[in-house]
Amino acid sequence: MDFVHKSIMLAETIESLCIKPDGIYVDGTLGGGGHSLEIAKRLDAGGRLIGIDQDGDAIEAAGKRLAPYADRVTIVRSNYADMKKVLHDLGIEKVDGILLDLGVSSYQLDNGERGFTYREDVPLDMRMDVRQERTARDIVNTYSETELYHIIRDYGEDKFAKNIAKHIVLARKEESVETTGQLTEIIKAAIPKKVRAVGGHPAKKTFQAIRIELNHELDVLKGHLEEMVGLLDDGGRLCVITFHSLEDRIVKNIFRTCENPCICPPGFPVCTCGRKPKGRVITRKPIVPGEEELKENSRAKSAKLRVFERIVSKE
Ligand SMILES: C[S@@+](CC[C@H](N)C(=O)[O-])C[C@H]1O[C@@H](n2cnc3c(N)ncnc32)[C@H](O)[C@@H]1O
């Protein structure tokens with residue numbers, strides 16, 4: 001299957017990165033290399049781009065796409081959680097820009113073999129990194145009803161979460177849930193017919209929830225965003241594209257704390273906590289896709305881009 005993925009807010013992201021031809025840039029979610037290709041084109045022989053992805057298929061596809069710029073591009077199969085180490089191993093301590101375009105690629109969603117899809121009946125998988133042992137099958141068959149309820153409610157934002165969790169647990173008492181088709185049928189049975197007839201695919205939200213849980217998507221983001229701000233050189237920019245309200249909230253809050261980390265009680269005449277601002281938030285409100293993009297790409301609908309600029313304190 002060809003690696004097909006339309007890059008989200010491509011022009012807006014490239015503009016926000018303020019690329020210097022001789023700068024060092026990191027794409028922490030390389031995917032098919034759509035954003036990276038535009039970064040690489042703007043670099044001269046003195047510039048460098050490090051592309052990271054945990055998915056072997058993405059690494060292969062991006063490698064081919066970026067081959068004309070191989071002299072300035074390094075591709076590493078890794079989790080962006082390990083960005084600091086990946087850069088250190090390459091002899092890099094500071095960079096001029098970092099991009100995260102979160103979530104899954106259309107290729108991962110649409111390729112039946114990867115087990116993310118509710119449109120085909122295939123083995124439940126959903127691993128972004130297939131070297132990992134645990135799959136979606138393990139979550140569906142071993143999580144307690146309460147755990148399933150919480151992830152479907154919080155990561156799927158599905159108002160029928162409680163009933164879906166109940167139906168999953170009932171169904172798996174009969175036989176283990178092995179395929180996306182089985183899970184889709186269970187979800188359909190848990191949602192009232194009237195609701196099923198309108199709105200999107202009934203399984204969409206639950207599948208999203210299981211994928212986020214399996215790949216630790218929110219924990220990885222929360223645990224490493226501040227460290228990425230620290231990797232930026234003076235004037236360097238961190239651009240993050242999110243697709244989920246919880247993801248966006250994490251980015252908004254961490255950027256805000258980086259801009260104003262002081263924890264002294266309000267009204268204190270001078271700061272005594274010693275926490276210095278790390279830079280400034282460029283996007284008070286997130287950048288969202290324009291009408292044209294929304295018309296052409298339904299995946300862009302929930303996308304939000306937030307940008308932070310590092311300012312190194314001179315004291
Ligand atoms: C939306 S796609 C990126 C698309 C890319 N910007 C483009 O234009 O082609 C997200 C990619 O990030 C990867 N990914 C998600 N979380 C990751 C993580 N924690 N570490 C490394 N890669 C990750 C996925 O495997 C997927 O290939």
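Colleague: How do you know that the ligand sits in the largest cavity?

Modeller: This is a predicted model, where local features need pLDDT of at least 70 and side-chain atom pairs count only at pLDDT 80 or more, while totals for chains, interfaces and linings use all residues. Residues are numbered from 1 along each chain as its sequence is written, and side-chain values use heavy atoms, with hydrogens and water left out. A molecule sits in a cavity or pocket if more than half of its atoms lie within 2 Å of its grid points, and the ligand sits in the largest cavity by that test.

Colleague: What makes it a cavity, and what is a pocket?

Modeller: On a 1 Å grid over the protein atoms alone, a cavity is a set of points where a 1.4 Å probe fits but cannot get out; a pocket is an open set with protein on both sides within 12 Å along at least five of seven lines. The count comes to 1 cavity of 30 Å³ or more, and the largest cavity has a volume of about 420 Å³ (the space filled by probe spheres set on points joined across faces, edges and corners).

Colleague: Which residues line the largest cavity?

Modeller: Lining residues have an atom within 4 Å of a point. There are 30 for this cavity, with Thr29, Asp101, Leu102, Gly103 and Met128 nearest its centre. Helix H12 (217-231) and helix H2 (34-41) each give two or more, helices being DSSP runs of H or I with at least four residues, numbered from the N terminus.

Colleague: Why are Ser7 and Asp101 listed around the ligand?

Modeller: A residue is near a molecule if one of its heavy atoms lies within 4 Å of it. The ligand has 25 such residues, and Ser7 and Asp101 are among the closest.

Colleague: What makes the serine 7 pair a polar contact?

Modeller: The term needs a pair of N or O atoms within 3.5 Å. A ligand oxygen is 2.5 Å from an N or O atom in the serine 7 side chain, so that pair qualifies. Aspartate 101 has a side-chain N or O atom 2.7 Å from a ligand nitrogen, and asparagine 79 has a polar side-chain atom 2.9 Å from a ligand nitrogen.

Colleague: How much of the ligand does the protein cover?

Modeller: It covers 98% of the 600 Å² of accessible area that the ligand has on its own, by the Shrake-Rupley method with a 1.4 Å probe.

Colleague: Where does the largest share of the largest pocket's lining come from?

Modeller: From H11, with 6 residues. That pocket has a volume of about 1400 Å³.

Definitions and conventions
Polar contact = N/O pair within 3.5 Å; in protein donor to acceptor, adjacent residues only side chain to side chain.
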